[in-house]
Amino acid sequence: MDSTPRSSFIPKQTVGAAPKQIRRKRVFSVFGVLGIVMLVISVIGAGGIYALTQYEEGKLADQKSALATEYAKFDESKIARVQAVSEQLEVAQYLLDNHTSPSKIFDALEKNTKESVQYKTFSYERRPSGGVTLNITGVTSEFEKVSLQWTQYLEDMVLADVTMTKIGIDEGDATEVGPGQQVSFALTADIDTKNIPYEPRTQTEEVVSEPEVSVDEGVVGTSTDQTIDTDEEDLSINNEEGN
Amino acid sequence: MSRIIRPIAALAISVLVLFFFVRPLYAELRIVQAESAQYGNVLDKATEFNRLLTSLYSEQESFPALDRERLDMWVPTKIDEVRALVDLEYLAEQHGMIFRDITAELEATEVGGEGATPQGKRGQAGESSGLFSGRLESQDISFTVLGTYEQFRDLLYDIERSVVLMEVVGITFGDGGGGELNNYQVTVRLYRLASVTVQ
């Protein structure tokens, strides 16, 4: 039996003293943590994907709108005009590139024809497949001069492909050229259009070119004799070899 | 008991969210991204096209009027054979030649066939070009001029450099029987671009 009398029902406690700490026992389960983590990840992931989808859809809508604006800018008449002029330029360039200058053939013939050679007929024909066919007939006094003339053609770039197709005496069946008779010849050439291109001349060039032509003609006349001498030697050698 | 149920519920919700929300949304996202990429590509091309169109149009508009006129004369949309004959007769008269025996094809023929020369390069093709097949047409005009060789040379040179393209496709002549005057038979080809409709 407790002898000490109790002065109060209220338990005696020091004022301001801290209460006794109540310690709760917490149990951390790995399974529980994993579940929470997965839940958080899935919720965040779902939010992220949703936001990204919304962003991409917005971007797509903007692109569609921008594309519609760009299409609205298409001016059919402008397109047609640009296309037409472009096509015209393309064809113009093609025609210009393939434009030929037949007068260059006459230039070449004038420069490379011996004085003793006389042309009888001339034919120039542009082939549908491209290129030019040239047919020329002429006469001269001697067989040797025909050969010399042919050699002369070969030296010129334009006439380099000339082929002698026929050589004969103009009258009768004689095998030697008699008095009053002439040696006739026919030649043909397939001339590449690259060799006779049209080249526009400027005014200055035209003025300058005039005296050059006359000078060239004089030179041709002078040099022809020299050439004949040299070529005749060559020809005689060839004849000897042929014999 | 709740310690077990709560993690299981969390996992179950996670799985449900992943399979029934995230997965279909991700598939939709991929589709939207692919579509967006295509639209982006088309938009780039459309922008580039508009830029190029504006640039080309400005460039063409800046051509001098004289150059445009010469281009239209060089590559016309219509062959004016009467005008060409008048021009040729005028040129012949300028060189003291007599112009006669005119033969003109009634209809233009299409230029095309084998041996195309792409990009208009001078080459083996000459007249033929599959490149402009159906678009480029030609028409031949033949005529005879009477005059001296020198006069004919000058006339030929003028025809070659004519502003209206006259391609000389045939020349035939003889020695004229020894006289100074001679008949020169010439065929020129005129061209037109069939499909061009410049406004």
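## A tour from an exposed aspartate to a pocket between chains A and B

Begin by selecting B:Asp101, which is exposed, with a relative accessible area of 52%, and bear in mind while looking around that this is a predicted model. The residue is found in strand E1 of chain B, which spans residues 98–104, and its backbone deserves a look, since B:Asp101 has a positive phi of about 50° although it is not a glycine. As background, most residues other than glycine have a negative phi.

Next, move to chain A and select A:Leu187, found in strand E4, residues 183–191. Is A:Leu187 buried or exposed? With a relative accessible area of 2%, A:Leu187 counts as buried, because the cut-off for that word is under 20%. To see what surrounds A:Leu187, show its contacts beyond the neighbours within four places in sequence: these are A:Leu134, A:Asn135, A:Ile136, A:Tyr153, A:Val162, A:Thr163, A:Met164 and A:Thr165. For one of them, A:Ile136, draw a distance between the C-alpha atoms, which are separated from those of A:Leu187 by 5.4 Å, although the two residues are 51 apart along the chain.

Finally, turn to the second largest pocket, which has a volume of about 470 Å³. Helix H2 (76–97) of chain A and helix H2 (65–74) of chain B are the elements that each give two or more residues to its lining, and H2 of chain B gives the most, with 5 residues. Select A:Leu96, B:Asp67, B:Arg70, B:Leu71 and B:Trp74 to find the residues that lie nearest the centre of this pocket, out of 18 that line it. Colouring the lining by residue class will show 10 nonpolar, 3 polar and 5 charged residues.

Technical notes: Residues are numbered from 1 along each chain as its sequence is written. Chains are lettered from A and ligands numbered from 1 in the order in which they are written. This is a predicted model: local features need pLDDT of at least 70, side-chain atom pairs count only at pLDDT 80 or more; totals for chains, interfaces and linings use all residues. Side-chain values use heavy atoms; hydrogens and water are left out. On a 1 Å grid over the protein atoms alone, a cavity is a set of points where a 1.4 Å probe fits but cannot get out, and a pocket is an open set with protein on both sides within 12 Å along at least five of seven lines; lining residues have an atom within 4 Å of a point. Grid points are joined across faces, edges and corners, and a volume is the space filled by probe spheres set on the points. Helices (H or I, at least four residues) and strands (E, at least two) are DSSP runs, numbered from the N terminus. Ala, Val, Leu, Ile, Met, Phe, Trp, Tyr, Cys and Pro count as nonpolar, Asp, Glu, Lys and Arg as charged, and the others, Gly among them, as polar. Buried means under 20% relative accessible area, exposed over 50%, partly exposed in between (1.4 Å probe, protein chains only). Contact means heavy atoms within 4.5 Å.
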